[in-house]
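Visitor: I have a sequence and a model open on the bench. Please walk me through the helix packing.

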Amino acid sequence: IGVCISTSLLPPLVNAGMMWALQLYFPEMHNRAGFLLSEIGEFSVYLYLVNIACIVAFAWASFKFKHIGGRTLRPLPVAASESEIDPAHIPELLQSLNG
């Protein structure tokens, strides 16, 4: 997973850095569409930010879907029949469900 994430995050940042560095040495250089190198670098940073937002959103959705998490996610119900519950352990059970 780390390789996939780094593959989506590093290229836009590297491209932004290269475009901004080239813009310092060649201030009037632009591509065929007419965009300055600094504008291309700016677009690359926006792409990086969108990648981060998508990774966070899909990670959150995956954890929510699989019921993994801490206090912010609803705990799974405890499956136990009435005969298995010892009345002396009810406060411990309630405390474990509340976090």
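Guide: What follows is a set of short questions and answers on this model.

Guide: The model is predicted, so local features need pLDDT of at least 70, side-chain atom pairs count only at pLDDT 80 or more, and totals for chains, interfaces and linings use all residues. Residues are numbered from 1 along each chain as its sequence is written, and side-chain values use heavy atoms, with hydrogens and water left out.

Visitor: In what order do the elements of the protein run from the N terminus on?
Guide: Helices (H or I, at least four residues) and strands (E, at least two) are DSSP runs, numbered from the N terminus. The protein has three helices and zero strands. From the N terminus on, the order is α-α-α.

Visitor: What share of the 99 residues is buried?
Guide: Buried means under 20% relative accessible area, exposed over 50%, and partly exposed in between, with a 1.4 Å probe and protein chains only. Of the 99 residues in the protein, the buried share is 10%.

Visitor: Are α1 and α2 roughly parallel or roughly antiparallel?
Guide: Axes are lines fitted to C-alpha atoms, for helices over the stretch in contact, and angles run from 0 to 180 degrees between N-to-C directions. Helix α1 covers residues 2-25, and its axis lies 8 Å from that of α2, at an angle of about 160 degrees. Therefore α1 against α2 is roughly antiparallel (angles under 35 degrees count as roughly parallel, over 145 as roughly antiparallel, 65 to 115 as roughly perpendicular, the rest as oblique).

Visitor: How many residues of the contact of α1 with α2 are nonpolar?
Guide: Contact means heavy atoms within 4.5 Å. The α1 side includes I5, L9 and W20, and the α2 side includes V45, Y48 and I55. Ala, Val, Leu, Ile, Met, Phe, Trp, Tyr, Cys and Pro count as nonpolar, Asp, Glu, Lys and Arg as charged, and the others, Gly among them, as polar. Seven residues of the contact are polar and one is charged, while the nonpolar count is 15.

Visitor: Is S44 buried or exposed?
Guide: S44 sits in helix α2. Leaving aside neighbours within four places in sequence, S44 contacts P12, N15 and A16. P11 is 33 residues away along the chain, yet its C-alpha atom is 8.5 Å from that of S44. At a relative accessible area of 5%, S44 is buried.

Visitor: Which residue offers its backbone oxygen 2.8 Å from a polar atom of the N51 side chain?
Guide: N51 belongs to helix α2, residues 37-65. Not counting residues up to four places away in sequence, N51 touches S8, L9 and P12. A polar contact is a pair of N or O atoms within 3.5 Å; within protein, one must be able to donate a hydrogen and the other to accept it, and residues adjacent in sequence count only if both atoms are side-chain atoms. At 2.8 Å from the N51 side chain, the backbone oxygen belongs to S8.

Visitor: What is the relative accessible area of Q23?
Guide: Q23 lies in helix α1. Beyond four places in sequence, Q23 touches E28, M29, L36, L37 and S38. Q23 is buried, and its relative accessible area is 13%.
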